[in-house]
Amino acid sequence: MGLFTSTPLPEPVGDSAPPVDEHPSRIATVLSHLRRSADTRITHPRRFRLQQLKALEKMLDEHLEDFVQALAEDLGKSATEAKFSEIDVVRAEIDFAQRHLAEWMDSTSVKVPLALQPAMAKVEPRPLGVVLIIGAWNYPVQLVLAPLVAAIAAGNAAVIKPSELAPATSGVLAKFLPVYLDERVYAVVEGGVDTSTELLAARWDHIFYTGGERVAKIVAAAAAKHLTPTTLELGGKSPAVVENDSLASAKRLAYAKFMNSGQTCVAPDYVLSIGDSTELIQRLGQAITSFYGKEPLTHPDYGRIVSRKHFDRLLSMFEQGEVVFGGEYDEETLRIAPSIMRNPDLEGSLMTEEIFGPILPVIEVESFEEALEFIARRPSPLAAYLMSESPRLQSIFSDRVRAGSIVHNAPLAQMVVPTLPFGGIGPSGMGAYHGRHGFERLSQMRSELNKTTVVDTLSAIYPPYSWAKRKIIDRLL
């Protein structure tokens, strides 16, 4: 496999599986090797970038079953869900980048002020150098490889650090990426906290982190020591305001919330029901049953919680309100049934922390205005959803709610639109990617000015400043 293939991880056994930590000297060797290779500019040509994108696509095609099996081991994902929510999302990013790379790499001419003419100016995307990508466990393929697509398209070298909480997927990535991608400029580093600490102690040209707010602060503090720019893709409590409680609305909410057992950063975290919520809760229950049957804990399309720690955290939330649907769980398989809670404790962890699991609190509010005020009193989320067909309410919601993205009537759909930037604001993240936005995020948008010396038009502003020159300067500037 070569220098950049990590030791395979042991079989996952929940939280008891010890992470494999890379030796610090190996991390230094990997980074030094990649930086020397990047300095030779081998990643710069468009042909090289396209070759690597095609190679990444080939890896996903030829080892689809390996990734599907790994996702089943780590999260209990069904083959269908693993394919469309992980593999197909990355494939779409690769395809979009391949089709638009030439356009993205083109420089853009800009106007030059009259005072500097004749001259030419342009903005040109340039590679940053070596990028560190730290992935998350909830979508352990997508949230590593989608940023990698952006890094490759932008002409960077990259190190990816998969999550140790998804060890099977991490092992598959470590096994196959070095086979398909150019080892001179791309590497996989596996391990736990010690590995992450060593990686963050190094100097990078950009750090791309997906995960929670607590670790994001550690990443940002480490990056600040080297003045390294960061992209932080976090989460938060994404609200869903429901004015239209039709069955279609309930199905869309239930699908967005309970896919991947609720372990999705942009899943609706709680619902604000305008008026009585009885009908909405009934329809949410109908939707859940239509998706996962009457026994969701054994349904083949329903996954599990990633670890015992998170499982126990979620179970404690059942004590913070009235469970009106679901509530069943299986300690052996770490599965918690899709559950709806009413009248939650607004001061408990259920409503102050990101749930990140299959529990949906429903809160009744008397008016649309009260819903907006409820959201405004809380930190800005990664997404905010409105279930309403009213153009007036949609306009007000878009104008007054502060969130990474605003979506009307289609929760989660924003994730698969490559022309939309994906990212948070404030505590829900910093920076955005997907499509061109990822390319530009991982590029230096460098300015360039060219002015001839054949005719020295700048002589008009050289000192000494006579009365006539001051008049000319006032007119030019």
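In this predicted model, Asn 138 is found in the loop that links β3 and α5. Its surroundings are drawn from many parts of the chain: beyond the residues within four places in sequence, Asn 138 is in contact with Leu 75, Lys 77, Glu 86, Leu 143, Asn 260, Gln 263, Thr 264, Cys 265 and Phe 356. With a relative accessible area of 4%, Asn 138 is buried, because buried means under 20%. One of these neighbours also meets the side chain through a polar atom: the backbone oxygen of Gln 263 lies 3.1 Å from a polar atom of the Asn 138 side chain.

The strand that precedes this loop leads on to β6. Strand β3 (residues 130-134) is joined to β6 by four bridges, and the two run parallel. Within this pairing, Leu 132 stands opposite Ile 207 of β6. On β6 there is a further partner, strand β7 (residues 230-233), again with four bridges and again parallel. Here Ile 207 has Thr 230 of β7 as its bridge partner, so Ile 207 is a handy landmark for following both pairings. Strands of a sheet pair through backbone hydrogen bonds, in either a parallel or an antiparallel manner.

How many of the five residues of β6 are buried? Five of the five residues in β6 (residues 206-210) are, so the strand is largely enclosed by the rest of the structure. The burial holds on both faces: His 206, Phe 208 and Thr 210 point one way, Ile 207 and Tyr 209 point the other way, and all are buried.

Helix α6 (residues 167-180) offers a helical counterpart to this picture of enclosure. Its 14 residues reach 20 Å from the first C-alpha to the last, close to the 20 Å expected at 1.5 Å a residue. Of these 14 residues, 11 are buried, so α6 is largely enclosed by the rest of the structure. Among the buried residues are Pro 167, Val 172, Leu 173, Phe 176, Leu 177 and Tyr 180. The cover over them includes the helices α2 (46-62), α3 (64-75) and α5 (142-153), together with the strands β4 (157-161) and β5 (186-188).

Helix α4 (residues 79-105) can be checked in a similar way. At 1.5 Å a residue its 27 residues should span 39 Å, and the end C-alpha atoms are 36 Å apart, which agrees. Along its course, α4 has a kink of about 50°, centred on Arg 99.

Turning to the sheets, one of them is an open sheet of three strands in the order β1-β2-β18, with antiparallel pairing. Strands β1 (108-110) and β18 (443-450) stand at the edges, each with a single partner strand, so one side of each is left without a neighbour in the sheet. From one strand to the next, the twist averages 30°. Eight bridges connect β2 (residues 120-127) with β18, and the two run antiparallel. One point of reference in this pairing is Arg 126, whose bridge partner in β18 is Gln 444.

Another open sheet has seven strands, in the order β10-β13-β14-β9-β8-β15-β16, and its pairing is mixed. At its edges stand β10 (322-325) and β16 (406-408); each has a single partner strand, so one side of each is left without a neighbour in the sheet. The twist here averages 25° from one strand to the next. Strand β13 (residues 339-342) is joined to β14 (residues 359-365) by four bridges in a parallel arrangement, and Ser 339 stands opposite Ile 359 of β14. Helix α9 (residues 247-258) packs on the sheet, where α9 touches β8 (239-242), β9, β13, β14 and β15 (384-387), and its direction makes about 140° with that of β14. Helix α13 (residues 368-376) lies across β8, β9, β14 and β15, and runs at about 155° to β9.

Just beyond one strand of this sheet comes Ser 277, in the loop between β9 (270-274) and α10 (278-292). Is Ser 277 buried or exposed? Ser 277 is buried, with a relative accessible area of 0%. Apart from residues up to four places away in sequence, Ser 277 touches Arg 342, Val 362 and Glu 364. With Glu 364 there is also a polar contact, in which the two side chains are joined at 2.8 Å.

How values were computed. Residues numbered from 1 in each chain as written. Predicted model: local features only at pLDDT ≥ 70, side-chain atom pairs only at ≥ 80, totals over all residues. Heavy atoms only, no water. Buried < 20%, exposed > 50% of the residue type's maximum accessible area, 1.4 Å probe, protein only. Polar contact = N/O pair within 3.5 Å; in protein donor to acceptor, adjacent residues only side chain to side chain. Contact = heavy atoms within 4.5 Å. Expected span 1.5 Å × (residues − 1). Bend = angle between axes of the 7 residues up to and from the residue. Axes fitted to C-alpha atoms, helices over the stretch in contact; angles between N-to-C directions.
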